Amino acid sequence: MGSTKVPYCSSVKKAEAHPPTVAPAKSEMELNCLPDHVLLQVMSHLDEDDLLESRGVCRRWRDLALHPMIWQNKSIYFFASSDYIAIALRLVPRLRCLLMDLTCHGDVWDILLATPTAIADITLLFDRKDAMLVALILARQAALGRLKRVTLRLRRNGTLWRDLLPRRLDRGPRALLLQICQTPGLQSVDLKLYVDDEGVLDVLAGKVPVPASLKRLKCRDLLEPYLGLLLNWHAETLEDVSLSFDGPRTTSLLAAMPRLRKLSCPMLTDMQLLRQCRSLTYLKLNLTVFDDAEAVEAGLPGARLLLRSAAARLEHLKITYAPYSSPDVVDLLLSIGRRSGVTALRSLRFMIMRWGPEIRDSESFDEDESESPPPQLVPLAAILPRLPLLTRLDIDSEASDAFLDALDGQVVPKLERLDIRMPRDCACHHSWLHVEEERMRRVMKRYPRLHVFIQTVDKSTCREGDCGFCKSNSCHADMPDGLPCLLRSHRGTGCDVSHVVDKLFPDLPAFEIYIDTSSE
């Protein structure tokens with residue numbers, strides 16, 4: 001049988017000319033294809049509420065969304081709703097930080113007392129009547145074993161802090177402070193409570209102190225005798241101590257701390273004892289104790305000895321004055337200049353107290369004295385030649401012509417930042433700024449790296465009124481009201497000097513003005 005010849009169809013020709021297309025392999029990878037450790041990294045970028053909602057995606061996500069690795073860096077703050085806080089504290093295993101106003105979130109008390117969430121940093125604002133419940137909350141966190149930092153604020157409710165507690169201390173504040181003293185592993189404690197409870201010493205008699213662990217202690221009000229207990233028990237580890245009141249043996253306890261490097265305090269009794277603190281490099285001294293000027297005057301001899309001795313190692317010094325401080329108090333700064341040899345000071349800051357309404361309403365407040373010009377520039381100008389390493393200077397006042405003339409380029413040759421303030425009686429901030437730009441131009445020629453920060457420039461007063469200068473000068477129209485101003489003599493962003501006004505508020509902007517120093 002002969003072979004049959006099959007005709008070569010035109011359709012076959014078309015098929016060969018256009019072969020069928022093959023779908024390319026998918027280059028994308030679905031999230032569920034990722035291994036657990038990679039998916040956890042992705043989920044860690046979700047914020048807290050999205051992370052909780054992601055539990056509804058599938059069973060795998062339900063478990064991974066509660067992984068301790070994710071939540072150990074998450075925080076819950078007071079502006080969150082009570083429902084959200086309640087859900088989180090029932091489910092999540094860990095939190096980095098919890099900040100709550102318990103007077104606004106009273107419906108989560110029971111959850112906090114039994115929560116499985118181990119918190120590392122807890123900040124609570126509460127009423128005095130709830131002190132016992134706060135003690136139980138801290139006890140729960142101590143049992144969970146991650147608590148490192150505690151910040152407590154007694155709610156003010158329009159009265160002075162010290163008036164919130166009666167003369168006879170009830171059980172709540174005592175239980176709370178005992179819990180803090182006996183919680184092991186704490187690294188930072190920040191308290192604003194007014195307590196005077198000498199009877200607690202009988203309760204603590206014979207008890208073994210917790211192992212030293214505190215590195216930072218901040219007491220913003222009278223806290224006796226708990227302050228002495230904390231200073232004594234944690235003397236080996238404390239590095240940063242901030243006090244608002246002196247107490248029995250406070251100075252001697254501080255002097256025995258081998259690692260103390262930062263101290264903020266009022267005038268203390270026998271401050272010369274702090275010369276033993278060889279690691280102390282930061283001192284913030286508050287000389288504004290209202291209605292206790294005698295204590296400030298009595299402590300001056302010891303403070304002079306401390307500054308004269310410690311000038312070789314102190315790198316940061318901040319002194320807060322009352323507007324009507326005596327000449328002896330203001331001249332305390334001269335003690336640094338009386339030391340032979342080079343000082344180590346790199347940052348020197350002053351603060352002139354602006355009294356709040358509580359102080360201004362008191363009978364002993366003198367309005368005329370409070371508005372007197374700050375005299376700290378006179379002793380400052382005298383010691384400038386002894387500060388060759390100084391890079392920052394904050395005078396918290398208007399810079400006088402005599403003071404600017406003292407900055408001749410030879411003294412403080414490394415100066416990079418100068419903080420000044422507008423005079424209180426300045427009617428037009430805009431016109432003052434024009435004059436200040438010319439004055440600072442001369443200084444910047446002598447200090448090319450200098451940055452001048454002016455605190456709180458505000459043109460709103462001129463805009464609301466009838467200011468002839470502002471009407472005839474349209475410059476600085478984009479300057480925001482109530483923000484700091486930065487004068488600089490360089491262009492671009494290649495500056496290695498920080499333009500941040502305050503490191504505590506890194507997002508606070510400053511209005512920057514370029515000063516041309518090339519012209520005569």
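In this predicted model, Asp394 is buried, with a relative accessible area of 10%. Its side chain meets that of Arg349 in a salt bridge, with an N to O distance of 3.8 Å. Because Asp394 lies in strand β14 and Arg349 in strand β13 (residues 347-352), the pair ties together parts that are 45 residues apart in sequence. Arg349, for its part, is partly exposed, with a relative accessible area of 24%.

**Salt bridges**

The count of salt bridges in the model comes to 17, and three of the pairs are set out below, among them the one just described.

| Acidic residue | Basic residue | Closest N to O distance |
|---|---|---|
| Asp394 | Arg349 | 3.8 Å |
| Asp419 | Arg392 | 3.5 Å |
| Glu512 | Arg488 | 2.7 Å |

Asp419 and Arg392 form a salt bridge, and this pair links distant parts of the chain, since Asp419 is in strand β15 and Arg392 in strand β14, 27 residues apart. Both Asp419 and Arg392 are buried.

Glu512 and Arg488 are likewise joined by a salt bridge; Glu512 lies in strand β18 (residues 511-514) and Arg488 in strand β17 (residues 483-488), so the pair ties together parts that are 24 residues apart in sequence. Glu512 is partly exposed, with a relative accessible area of 33%, whereas Arg488 is buried, with a relative accessible area of 13%. Elsewhere, a network of salt bridges links Arg153, Asp190, Arg216 and Arg220.

**Around strand β14 and helix α19**

Asp396 is placed in the loop between β14 (392-394) and α19 (401-406), and although Asp396 is not a glycine, its phi is positive, at about 50°. The relative accessible area of Asp396 is 6%, so this residue is buried. Val412 is found in the loop between α19 and β15 (417-421); Val412 also has a positive phi, of about 35°, without being a glycine. Val412 counts as buried because its relative accessibility is 2%.

Leu380 belongs to helix α18 (residues 377-383) and, at 0% relative accessibility, counts as buried. Leaving aside neighbours within four places in sequence, Leu380 is in contact with Leu333, Leu348, Phe350, Leu393, Ile395 and Phe403. Of these partners, Ile395 is 15 residues from Leu380 in sequence, and the two C-alpha atoms are 9.1 Å apart in space.

**Helix α13**

Helix α13 (residues 293-310) has 18 residues, which at 1.5 Å a residue should span 26 Å, and the end C-alpha atoms are 24 Å apart, which agrees. The helix carries a kink of about 45° at Leu300, shortly before the proline Pro301. Which residues of α13 are buried? They are Val296, Gly299, Leu300, Gly302, Ala303, Leu306, Leu307 and Ala310, so that Leu300, where the kink lies, is itself one of the buried residues. The elements that cover the buried residues of α13 include β11 (282-287), β12 (316-321), α14 (327-330) and α15 (334-337).

**A nonpolar surface patch**

Leu31, Val38 and Val42 make a nonpolar surface patch of about 200 Å². Leu31 is placed in the loop between α1 (10-17) and α2 (36-43), and Leu31 is partly exposed, with a relative accessible area of 41%.

Terms used:
Residues numbered from 1 in each chain as written. Predicted model: local features only at pLDDT ≥ 70, side-chain atom pairs only at ≥ 80, totals over all residues. Heavy atoms only, no water. Helix = DSSP H or I, 4+ residues; strand = E, 2+ residues; numbered from the N terminus. Expected span 1.5 Å × (residues − 1). Bend = angle between axes of the 7 residues up to and from the residue. Buried < 20%, exposed > 50% of the residue type's maximum accessible area, 1.4 Å probe, protein only. Contact = heavy atoms within 4.5 Å. Patch = residues over 30% accessible without salt bridge, like charges linked within 9 Å, V, L, I, M, F, W, Y side chains within 5 Å. Areas by Shrake-Rupley, 256 points an atom, 1.4 Å probe, with all protein chains shown as cover. Salt bridge = Lys/Arg side-chain N within 4 Å of Asp/Glu carboxyl O.
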